[in-house]
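Visitor: I would like to take a close look at a single part of this protein, the places where charged side chains pair up. Could you walk me through them and then on to their surroundings?

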Amino acid sequence: MAKNTKNDILDTAEYLFSQQGFTQTSMREITARAGVNLASVNYHFGSKKNLIQAVFKRYFDHLMPYIDACLKDLEPKKGAAGVEHLLYTLTPPMLELNVVSEQGTATFVKLLGRGYNETQGHLRRFIMSHYGTTIRSLVNAIQLCLPHVPEEELFWRLHFAIGSFVFSMASSQALTEIVESDFQKHVDIAEVISHLIPFVAQGVAGN
């Protein structure tokens with residue numbers, strides 16, 4: 001029963017955080033929608049910050065081992081082609097997040113966007129302390145593709161690339177509806193990503 005209560009709280013918090021943001025979502029809203037009292041939230045998570053981190057942990061714990069495996073087997077290539085190859089390699093792990101929750105890939109990226117927009121500094125510390133090794137390996141793999149790009153310049157390019165990715169995933173439902181209306185074609189989130197990757201790769205490579 002306690003485990004179900006904990007999952008109910010996580011599911012509710014995830015939905016409200018992704019729809020409203022972290023700052024705009026109150027603990028009172030979470031408890032009311034989950035049908036629990038504040039004492040239950042405090043018992044399982046202790047604070048709102050811990051609850052936010054727990055929502056992300058479900059996704060990162062599923063995602064990061066897949067990324068580690070992909071990076072281990074990756075054959076590095078130079079330039080935009082190398083970045084594109086790397087990003088395509090990471091697509092299956094991202095799509096695996098739909099196992100965590102319905103529309104998990106889009107939800108996860110939307111949550112990341114909320115974290116960026118609302119300057120949740122504790123999130124960056126949490127992510128880097130728990131998953132920093134994988135993230136550094138990923139950045140190193142990109143640097144191997146672009147050895148001529150200075151570290152500071154690569155930081156900016158990756159920041160803008162993440163922004164493009166977050167926006168596209170957060171608005172993926174609207175994009176698919178527009179494509180269906182204008183081009184009479186049904187697309188899913190995998191196809192959205194396939195269109196996004198070459199664009200992002202060129203931007204990161206600076207071509």
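How many salt bridges does the count come to?

Guide: Happy to take you round. Please keep in mind that this is a predicted model. The count comes to 5 salt bridges. As background, side chains of opposite charge can pair when their charged atoms come close.

Let us begin with Glu14 and Arg58, which form a salt bridge whose closest N and O atoms are 3.0 Å apart. This pair links distant parts of the chain, with Glu14 in helix α1 (residues 2-20) and Arg58 in helix α4 (residues 48-73), 44 residues apart. Glu14 is buried, because its relative accessibility is 8% and the limit for buried is under 20%. Arg58, with a relative accessible area of 24%, is partly exposed.

Helix α4 also holds a salt bridge of its own. Asp61 and Lys57 form it, and their closest N and O atoms are 2.5 Å apart. Both residues lie in α4, 4 residues apart, which is about one turn of the helix. Asp61 is partly exposed at 36% relative accessibility, and Lys57 is partly exposed at 38%. Returning to the pair we began with, salt bridges that share partners join Asp11, Glu14 and Arg58 into one network.

Further along the chain, the side chains of Glu191 and Lys185 meet in a salt bridge at 2.9 Å, N to O. Lys185 counts as partly exposed, at 41% relative accessibility. Just before it in the numbering comes Gln184, found in the loop between α9 (172-183) and α10. The phi of Gln184 is near 50 degrees, a positive value in a residue other than glycine. Most residues other than glycine have a negative phi. Gln184 is exposed, with a relative accessible area of 63%. Gln103, in the loop between α5 and α6, also deserves a look: its phi is near 55 degrees, a positive value in a residue other than glycine. Gln103 is exposed as well, with a relative accessible area of 54%.

Now back to helix α4, where Tyr59 is found. Tyr59 counts as buried, at 0% relative accessibility. Leaving aside neighbours within four places in sequence, Tyr59 is in contact with Glu14, the residue we met in the salt bridge, and with Leu97, Val100, Ser101, Gly104, Thr107, Phe108 and Leu111. For a sense of distance across the model, the C-alpha atoms of Tyr59 and Pro150 are separated by 31 Å, and the two residues are 91 apart along the chain.

Some of those partners turn up again around Ser18, whose place is in helix α1. Ser18 is buried, with a relative accessible area of 5%. Not counting residues up to four places away in sequence, Ser18 touches Thr107, Lys110, Leu111 and Arg114. Phe56 touches Leu111 too, along with Phe22, Phe108, Leu112 and Leu123, when residues up to four places away in sequence are not counted.

Phe56 leads us to the nonpolar interior. In soluble globular proteins, nonpolar side chains tend to be buried together. Here the largest nonpolar core has 58 residues, of which Phe17, Ile30, Leu51, Phe56, Phe108, Leu146 and Val204 touch the most other members. At least two residues of this core come from each of α1, α2 (27-34), α4, α5, α6 (104-117), α7, α8 (151-170) and α10 (189-205). The largest share, 12 residues, is supplied by α4, the helix that also carries Arg58 of the pair with Glu14.

Let me finish with a helix pair, α5 and α7, both of which contribute to that core. Helix α5 (residues 79-95) packs with helix α7 (residues 121-145) at an angle of about 150 degrees, and their axes are 8 Å apart. Angles over 145 degrees count as roughly antiparallel, so α5 is roughly antiparallel to α7. On the α5 side the contact is made by Gly79, Gly82, Val83, Leu86 and Leu90, and on the α7 side by Leu138, Ala141, Ile142 and Cys145. After all those salt bridges, this contact has another make-up: 7 of its residues are nonpolar, 2 are polar and none is charged.

Key:
Residues numbered from 1 in each chain as written. Predicted model: local features only at pLDDT ≥ 70, side-chain atom pairs only at ≥ 80, totals over all residues. Heavy atoms only, no water. Axes fitted to C-alpha atoms, helices over the stretch in contact; angles between N-to-C directions. Parallel < 35°, antiparallel > 145°, perpendicular 65-115°, else oblique. Contact = heavy atoms within 4.5 Å. Nonpolar A, V, L, I, M, F, W, Y, C, P; charged D, E, K, R; others polar. Salt bridge = Lys/Arg side-chain N within 4 Å of Asp/Glu carboxyl O. Buried < 20%, exposed > 50% of the residue type's maximum accessible area, 1.4 Å probe, protein only. Core = buried A, V, L, I, M, F, W, Y, C linked by side-chain atoms within 4.5 Å.
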